[in-house]
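Subject: Structure handover

Dear colleague,

I am passing on the structure below, together with some notes on what was found in it. Please read them with the coordinates open beside you.

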Amino acid sequence: MNKIAKLPETVINQIAAGEVVENSASIVKELIENCLDAGAKRINVSIQMGGQHLIEVEDDGCGMGPEDARLSLERHATSKIRSADDLFDLATLGFRGEALAAIASVSHLDLKTSDGHVGTHIAVSGGAVTAVSPLARNRGTTISVRSLFFNTPARKKFQKSVSANTAQVRRVVEAAALANPEVAFSLKSEKEIILQTHPEEKKKRVEALLGSFAHEINKGSIWGLLSAPIEAKSHRRAQYLFINRRPVYSPLIAKAVQAGYGTRLAEGQYPPFVLFLEIDPKEVDVNVHPQKREIRFSDESMLFQLVESAVASSFEAPASFGNKLFFDPPSFRMEETLPSFLPPPVAEAPSWILPLEIPVRPLAVWDRYLLIEKEGLFLVDLRRASARLLFESLHSKNEEKQSLLSPIVIDRIEDETFDSLIKIGIDCRWIGPKRIAVDAIPSQIEPFRFLDFFSAWNEEKSVERAASRFCYSNKRRYTLDEANHVWNALQNCADRLYDPMGHLIMKELQVRDFEKWLDRE
Ligand code: ADP
Ligand code: MG
């Protein structure tokens, strides 16, 4: 007797289904993709028991005639590609022709569809067609999936809880809604609507679903919204990436975004963002993951740089809170009433005196804040601003140093520490075993506080953390002169909005906030 037998088609489909349809969320994703490919303007999703009992997806797209309806349930039947070459110029979300066959093989599926002329109803159970009948309905398609995994008990056992499945389905619908603002979506769980959108402009759609963001990227093929660094999370779940409107997971791009935030983020912090990239389909390969979740690019390093620099430059624009600009690129002018603020006379106007349109007046120092008037009142956190200054000076090669009148001697220094000090621009030399003399230090560090800086550096081993820790721990009051000096110097920093740990350096004082505060008293 032969040992080898060809598997029946239904079994082949069930095995393939393992790849494509893992759970309710992956089914909803496939069904929504089909609706979008069919040009739907309205997509209604409904689930019961997290999808275990029922998943129903209804659309008003192009629908199918009777023959196509029958074919759509067969494996490798697709209207979207005709040859492998088409894969490199894909305009649709689907292309393998496996999803419907796979879903039908592990459930009781009802397909109700009409191309606007003829309506068709096909019922399938575990992959076998059980009934075909004509049907009256408007153009569009409804697919109902009942008793998911009824015939694959092992898979059924591995399903998560109802609430976990519901949350995952929600995330899938949310992602589709983010990427397709011109389409109205709704999601019902049991009888309750848990998500609903109307056709709208893309930024409005993102804000309707995820709230507002501080920064925007708008650079041709890259559009996105980024949170302020301080809103970063310890997980990546609030990061949404779309390539040619396809929700994808790309460690490469996630890293590029992270790099664009640069020193504004502490380690292990992931900023919420929504990023849309439009890339020539020829440059991306979407056929690398069974659920089309991952993607490969032909020129990864170029893409990395593109995203990194787009993210980085979005911080040059003012951060926005709601619709209000709260800080525009600073322009600075000394008021004549405050002569002590004038910089020492120089032959040429120093570069930080920018066009003199908006008067900026430092008004007072209050504890560690500088109150500044500039089309409104702003509080500048001087410690955070100093941390930004120190951080940038430690990174810069040609930063001015101050020579110390008498060298500072430090003991118990290892080679590694010595090298690291040299690297951040501290002039020191060996004067004995494990003993060094420090001759010159960055001008941002007051000589009498150098040992504090040294211990912060020694413990933190990271420039951003050491600079921040050192500056946060400064208990000394700033004079108005000093505060003003910090403000001036800040205008030359690459980043004027955030300190190296991603905290906001300044904020506008609003009458509204003050009133709220008073009301509470
Ligand atoms: P793919 O999307 O990869 O082509 P599917 O198995 O998901 O494969 O779908 C098979 C075919 O069924 C599609 O190519 C499409 O022609 C048709 N189809 C599926 N869903 C819909 C729908 N909602 N509206 C119109 N046609 C659909
Ligand atoms: Mg499909």
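Please keep in mind throughout that this is a predicted model.

I begin with the helices, where the cover over the buried residues of helix 13 includes helix 10 (382-395) and helix 12 (450-460). Helix 13 itself spans residues 463-472, and its buried residues are Val463, Ala466, Ala467, Ser468, Phe470 and Cys471.

Helix 10 also contains Leu382, a residue that is buried, with a relative accessible area of 0%. If neighbours within four places in sequence are set aside, Leu382 is in contact with Val365, Arg368, Tyr369, Leu370, Tyr478, Ala483 and Val486. The last of these, Val486, lies 104 residues away from Leu382 along the chain, yet the C-alpha atoms of the two are separated by 7.3 Å.

The other part to look at is an open sheet of 3 strands, which are paired antiparallel in the order 21-23-22. Strand 21 (401-410) and strand 22 (427-432) are the edge strands, and because each has a single partner strand, one side of each is left without a neighbour in the sheet. On average, and with direction ignored, neighbouring strands of this sheet are turned by 15° against each other. Strand 21 and strand 23 (residues 435-442) run antiparallel and are joined by 6 bridges; Val409 has Ala437, in strand 23, as its bridge partner. Helix 11 (residues 415-423) packs on the sheet, where it touches strand 22 and strand 23, and the direction of this helix makes about 155° with that of strand 22.

Best regards

Technical notes
Residues are numbered from 1 along each chain as its sequence is written. Chains are lettered from A and ligands numbered from 1 in the order in which they are written. This is a predicted model: local features need pLDDT of at least 70, side-chain atom pairs count only at pLDDT 80 or more; totals for chains, interfaces and linings use all residues. Side-chain values use heavy atoms; hydrogens and water are left out. Two strands pair if DSSP finds at least two bridges between them. Helices (H or I, at least four residues) and strands (E, at least two) are DSSP runs, numbered from the N terminus. Axes are lines fitted to C-alpha atoms, for helices over the stretch in contact, and angles run from 0 to 180 degrees between N-to-C directions. Contact means heavy atoms within 4.5 Å. Buried means under 20% relative accessible area, exposed over 50%, partly exposed in between (1.4 Å probe, protein chains only).
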